[in-house]
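Dear colleague,

Please find below the structure that I am handing over to you, with its sequence. My account of the findings follows it.

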Amino acid sequence: MKKDNIALIGFMGCGKTTIAEALERKLGMKTVDVDAEIVKRKGMEITDIFDAYGEEYFRDYETRTLKAILHEKGQIISCGGGAVMRSENVKALKHYATVVLLTATPKTTLERVKDSENRPILNGNMNTQYIEALMKQRKKHYEAAADLMIATDNKSVDEICDELIRKTFGL
Ligand code: S3P
């Protein structure tokens with residue numbers, strides 16, 4: 001691995017948090033979830049931050065939190081699904097981390113996120129058509145930010161981790 005951290009990016013429900021936690025056990029690296037760090041620092045749930053201050057405020061907070069996290073080394077960083085929409089986030093990610101894009105089809109994504117109530121972007125939009133349209137809009141940003149890519153559909157957590165380790169470390 002060329003860089004100091006591994007950052008997982010991708011659309012909501014692509015498995016970033018689950019894979020980061022599994023990798024923590026396999027690689028003995030510390031996991032940091034950017035959303036969880038925002039909740040901790042701000043003392044509010046993501047949905048409440050959106051409701052009280054709006055998306056732009058959340059995005060600024062996300063950028064500051066991500067940059068602070070990236071100054072540490074040896075971490076598996078799980079990013080929020082919208083983090084790659086800001087070029088300054090992508091620049092920082094590329095500089096300090098090997099960036100791994102996890103993908104899933106809209107159908108798999110809906111299956112994984114349908115019971116979630118803490119994803120304000122999907123509130124009232126919990127259907128494959130909306131997910132597919134937003135994914136399409138974000139696709140080029142995800143792909144441009146990524147050093148490598150892993151499709152997660154129909155794969156176990158172990159299979160995804162093994163593929164990631166092989167591709168990241170060339171094992
Ligand atoms: C968002 C994804 C969420 C969270 C916020 C916005 C997005 O993170 O950062 O609700 O715009 O895609 P997850 O991808 O971990 O659900």
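**Findings: aromatic residues and ligand site**

Phe50 and Phe58 are both buried. Please bear in mind throughout that this is a predicted model.

The structure contains 3 aromatic pairs. In one of them, the ring centres of Phe50 and Phe58 are 4.9 Å apart and the ring planes meet at 40°. The pair is therefore classed as tilted, since that term applies to planes that are neither under 30 degrees apart nor over 60. Elsewhere among the aromatic residues, Tyr53, Tyr57 and Tyr61 make up one cluster.

I turn now to the ligand, which occupies the largest pocket. Around the ligand there are 13 residues, of which Lys16, Asp35, Arg59, Arg119 and Arg138 come nearest. Sorted by class, this shell comprises 5 charged, 5 nonpolar and 3 polar residues.

Three contacts to oxygen atoms of the ligand may be of interest to you:

- Arg59 places a polar side-chain atom 2.7 Å from an oxygen atom of the ligand.
- Gly81 has a polar backbone atom 2.8 Å from an oxygen atom of the ligand.
- Gly82 has a backbone N or O atom at 3.2 Å from an oxygen atom of the ligand.

How much of the ligand's accessible area does the protein cover? On its own, the ligand has 390 Å² of accessible area, and the protein covers 95% of that.

With kind regards

Definitions and conventions:
Residues numbered from 1 in each chain as written. Predicted model: local features only at pLDDT ≥ 70, side-chain atom pairs only at ≥ 80, totals over all residues. Heavy atoms only, no water. Near = heavy atom within 4 Å. Polar contact = N/O pair within 3.5 Å; in protein donor to acceptor, adjacent residues only side chain to side chain. Areas by Shrake-Rupley, 256 points an atom, 1.4 Å probe, with all protein chains shown as cover. 1 Å grid on protein atoms, 1.4 Å probe; cavity = no way out; pocket = protein on both sides within 12 Å on 5 of 7 lines; lining within 4 Å. Sits in = over half its atoms within 2 Å of the grid points. Nonpolar A, V, L, I, M, F, W, Y, C, P; charged D, E, K, R; others polar. Phe/Tyr/Trp six-rings, centres within 6.5 Å; stacked < 30°, edge-to-face > 60°. Buried < 20%, exposed > 50% of the residue type's maximum accessible area, 1.4 Å probe, protein only.
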